[in-house]
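User: I have a structure open and a few questions about it. Can you walk me through it?

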Amino acid sequence: MTQRFSFELAATDGKARTGSIAMQRGTIQTPAFMPVGTAATVKAMKPESVRALGADIILGNTYHLMLRPGAERVAKLGGLHEFMNWDRPILTDSGGYQVMSLSDLNKLTEEGVEFRSHLDGSKHMLTPERSMEIQRLLGADIVMAFDECPRADRPREEIAASMELSMRWAKRSRDGFDGGEKHAARSALFGIQQGALDEELRKISAEKLIDIGFDGYAVGGLAVGEGQEAMFGVLDYAPGQLPEDKPRYLMGVGKPDDLVGAVERGIDMFDCVLPTRSGRNGQAFTWDGPLNLRNARFAEDTGPLDERCDCPTCLSYSRAYLHHLQKSGEILGAMLVTEHNLAFYQNLMQAMRDAIADERFSQFAVDFRRDYLTA
């Protein structure tokens, strides 16, 4: 039987790393981008198509799935993998961020967060223990510790108090995860570093997480409005505060140039709704920069979406046709552009893995930014 979880570095180039995570449901090549399957679906895509584009792992959303259809129901139906027809690894977030951001009525205590559903107003309580139980019921391969994500513009003392609370919740998450022995025997648990933009608070957070012990470590509390410069400022030191022999996951990121800059600083894993959300709104990512397909200049453009891409959309459909679908509000437009965007993200990750292995990542990053940001 394949071991529960292992991470092996294959090559480094500066701070950039490439390697692999081995789990019972498959191997994840890093740096890895995880398409977001919020409600047990990567929007506008079949699971088999997501895999065909190169995704080794996807993300599921604890908050949304606990509310609908319900974690107990998913478990009764065979677990999230069987429910959505995805046989590769799945990472589930803890639900903490959505509880804080989507519910106008929530009450934060040491125990957890009491909140009302954004769907029907029903009252729920989410604690570290309940988060672990929900993720166990879903059958997640990588489980995230329960945490709070404060805004970076809050006073330092509030950010420090929030970080300390998240670290206490991290210990309870560890204990709750270990209590589900059958699930823990085949799944992994990641801790989440907090501390906003404060280097000292992030160092304290990292030390506390390392003391608890996790299979991997996430850099949390970024991509929440602080801007790329501030985010990169944190990433200049935060990955180095975490264990070198464990995967480092930057949550909720991001734009293609964010990914390149983060890999440059030592990040191994990413997730973001951007490629799918943009696909539904007519924005396509290309090696020469993003395109707004609703723009009239594409109305008679017979060229492919991206000449450097061999995805099914680029091989079969013109910019003019995609423009027409977007302007007409046709569902096929969302499907085709989403397919391309996910292909672009996976191709970008593969290109970075290759560049690191060949010890030419610095030049790759220079060339990428030249083409992508100045087109």
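Analyst: What follows is a short run through the fold, the pocket, the cavity, some cysteines and one glutamine. Keep in mind that this is a predicted model.

User: Fine. How many helices and strands in the protein chain?

Analyst: There are 16 helices and 16 strands. The radius of gyration is 20 Å and the globule rule gives 21 Å for 375 residues, so the chain is as compact as a globular protein of that length.

User: What does the C-alpha trace span along its principal axes?

Analyst: About 60 × 50 × 45 Å.

User: And what share of the residues is buried?

Analyst: Of the 375 residues, 56% count as buried. As for contacts with a separation of 6 or more, 66% of them are between residues 24 or more positions apart.

User: Pockets next. How much space lies in the largest one?

Analyst: About 830 Å³. Its lining has 34 residues, and those nearest the centre are Tyr97, Gln98, Gly252, Asp271 and Val273.

User: Which elements give two or more residues to that lining?

Analyst: Helix 5 (96–102), strand 14 (269–272) and helix 12 (274–280). Helix 5 gives the most, with five residues.

User: How do the residues of that lining divide, nonpolar, polar and charged?

Analyst: The lining of the largest pocket has 14 nonpolar, 14 polar and six charged residues.

User: Different topic. How many cavities of 30 Å³ or more does the structure hold?

Analyst: One. The space in the largest cavity is about 30 Å³.

User: Which residues line the largest cavity?

Analyst: The lining is made up of Gln29, Ala32, Phe33, Gly54, Ala55, Asp56, Ile57, Gln346 and Arg353. Strand 4 (32–37) and helix 15 (331–357) each supply at least two of the lining residues. By class, that lining has four nonpolar, three polar and two charged residues.

User: Now the cysteines. How many disulfides does a search of the whole structure find?

Analyst: Zero.

User: Why is there no bond from Cys311 to the closest cysteine sulfur?

Analyst: The closest cysteine sulfur is in Cys309, 3.6 Å from the sulfur of Cys311, and that is too far for a bond. The cut-off for a disulfide is 2.5 Å between the sulfur atoms.

User: What about Cys314, which cysteine sulfur is closest there?

Analyst: The one in Cys311, at 3.7 Å, which is again too far for a bond.

User: Are those two buried or exposed?

Analyst: Cys311 counts as buried because its relative accessibility is 3%, with the limit for buried at under 20%. Cys314 has 7% relative accessibility, so Cys314 counts as buried too.

User: Last one. Where is Gln194 found?

Analyst: In the loop between strand 11 (188–193) and helix 9 (199–212).

User: Buried or exposed, then?

Analyst: Gln194 counts as buried, because its relative accessibility is 2%.

User: What is Gln194 in contact with, leaving aside neighbours within four places in sequence?

Analyst: Gln194 is in contact with Asp147, Glu148, Cys149, Pro150, Met163, Ser166, Leu201, Arg202, Ser205, Gly220 and Gly221.

User: And what separates the C-alpha atoms of Gln194 and Glu164?

Analyst: A distance of 8.8 Å, with the two residues 30 apart along the chain.

How values were computed:
Residues numbered from 1 in each chain as written. Predicted model: local features only at pLDDT ≥ 70, side-chain atom pairs only at ≥ 80, totals over all residues. Heavy atoms only, no water. Buried < 20%, exposed > 50% of the residue type's maximum accessible area, 1.4 Å probe, protein only. 1 Å grid on protein atoms, 1.4 Å probe; cavity = no way out; pocket = protein on both sides within 12 Å on 5 of 7 lines; lining within 4 Å. Points joined across faces, edges and corners; volume = space filled by probe spheres on them. Helix = DSSP H or I, 4+ residues; strand = E, 2+ residues; numbered from the N terminus. Nonpolar A, V, L, I, M, F, W, Y, C, P; charged D, E, K, R; others polar. Rg over C-alpha atoms; globule rule 2.2 N^0.38 Å. Contact = heavy atoms within 4.5 Å.
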